[in-house]
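Here are a few friendly notes to read alongside the model. Take the points in order, and keep the 3D view open as you go.

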Amino acid sequence: MASQLRMPFERFFSLCEKHRWSLEGDVEWSSIRHDLVSSDELETLRRAALTEGFSPTYAADLLDLYCTDPEMAAFLSVQFYEEYKHFHALRRYLRLNGVEISDEDATARRGTRTKYASRLIPLVKFGVSEIFTAIFYRNLARATGEPVLKQLCQFIAADEYRHLSFYMSYLEYHVREAGITSEDLIRVLQQYQHQGLEAVEDWIEFWQVNGRHYTGLEPYVVLQNALTRIVGTPVSLRGLVQRTSDRVHAQTFH
Ligand SMILES: [Fe+2]
Ligand SMILES: [Fe+2]
């Protein structure tokens, strides 16, 4: 029964294929209204791009852990293809607006590798990050007055929501298969920090100013509902809001 809970890779992949957008054909690069994009938006996008650009390191870490799991390995291959596509799309948007991300900027922190102690930890780390990411791009698309950025963020948000669905489905499957308790899950969540912390040097400062502005409290509500459904008992996230934005407590976990 438990194995039926997991979204099959083929279902995920057919949704990706159905909604695939083309970097060259679907984004109207020549229609950018430079007068309608703000410097704050460009700074926000630069951090978002650097986080997306950390994908080769995430892929190396996660494929190492999941290469013997055919469903998860297949999913990760597509997910990181899409995350890296997001990096190149955002980098191009920034370049067209006079903000350059050099290869040195993009690779500066990629040497930091993470060896995970269990399969639960990356599921929580990356799955929860997808909640933040999906809501972030969706709200940025709604907030910006620049039409091409709006379009690009809508495309990216749709990809992130698909990633989120697969991670939550897999987390639910893993929790049941491995007999993970709500206490285990909460213990892992105690250490949660958004993956951007590894990818961007001044992530905390960024998050306190711009990141939270676009996400608000919605990710925590989505997370609480998802975890409560997965473990079957109410899960309290008291303290998590503080930890995801606090300079002292924010530390990556593995
Ligand atoms: Fe992404
Ligand atoms: Fe994603």
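**Notes on the fold**

1. Let's start with overall size. This is a predicted model. For 254 residues, a compact globule would have a radius of gyration near 18 Å, and the protein has 18 Å, so the two agree. If you draw a box along the principal axes, the C-alpha atoms fill roughly 55 × 40 × 35 Å.

2. Next, what is the protein built from, helices or strands? There are 12 helices and zero strands. Reading along the sequence therefore gives you one α after another, in the pattern α-α-α-α-α-α-α-α-α-α-α-α.

3. Now for burial and contacts. Of the 254 residues, 35% are buried. Look too at contacts between residues with a separation of 6 or more: 83% of these come from residues 24 or more positions apart.

4. Helix α7 is a good one to trace from end to end. It covers residues 147-178, which is 32 residues, and at 1.5 Å a residue it should span 46 Å; its end C-alpha atoms are 46 Å apart, so the expectation holds. Just after α7 comes G179, which takes a positive phi of about 65 degrees.

5. How do α4 and α7 cross? The axes of α4 (residues 70-96) and α7 come within 11 Å, at an angle of roughly 160 degrees. Because of that angle, α4 is roughly antiparallel to α7. The contact uses M72, F75, Q79, E82, H86, A89 and Y93 from α4, and L149, L152, I156, D159, H163, F166 and Y170 from α7. As for handedness, α4 passes α7 in a left-handed crossing. When you look at lists like these, it helps to remember that an α-helix has 3.6 residues a turn, so residues three or four places apart point the same way.

6. Helix α2 makes a shorter exercise in the style of point 4. Its 14 residues (39-52) should span 20 Å at 1.5 Å a residue, and the end C-alpha atoms are indeed 20 Å apart. Which residues of α2 are buried? They are E41, T44, L45, R47, A48, A49, L50, T51 and E52.

7. Finally, try placing a single residue. A226 lies in helix α11 (residues 218-231). Is A226 buried or partly exposed? It has 19 C-beta neighbours inside 10 Å, so A226 counts as partly exposed; a buried residue needs 20 or more. To get a feel for distance, find V27 as well: A226 and V27 are 199 residues apart along the chain, and their C-alpha atoms are separated by 33 Å.

Notes: Residues numbered from 1 in each chain as written. Chains lettered and ligands numbered in written order. Predicted model: local features only at pLDDT ≥ 70, side-chain atom pairs only at ≥ 80, totals over all residues. Helix = DSSP H or I, 4+ residues; strand = E, 2+ residues; numbered from the N terminus. Rg over C-alpha atoms; globule rule 2.2 N^0.38 Å. Buried ≥ 20, exposed ≤ 12 C-beta atoms within 10 Å, placed from the backbone. Contact = placed C-beta atoms within 7 Å. Expected span 1.5 Å × (residues − 1). Axes fitted to C-alpha atoms, helices over the stretch in contact; angles between N-to-C directions. Parallel < 35°, antiparallel > 145°, perpendicular 65-115°, else oblique. Left-handed = near helix turned anticlockwise from the far one by under 90°.
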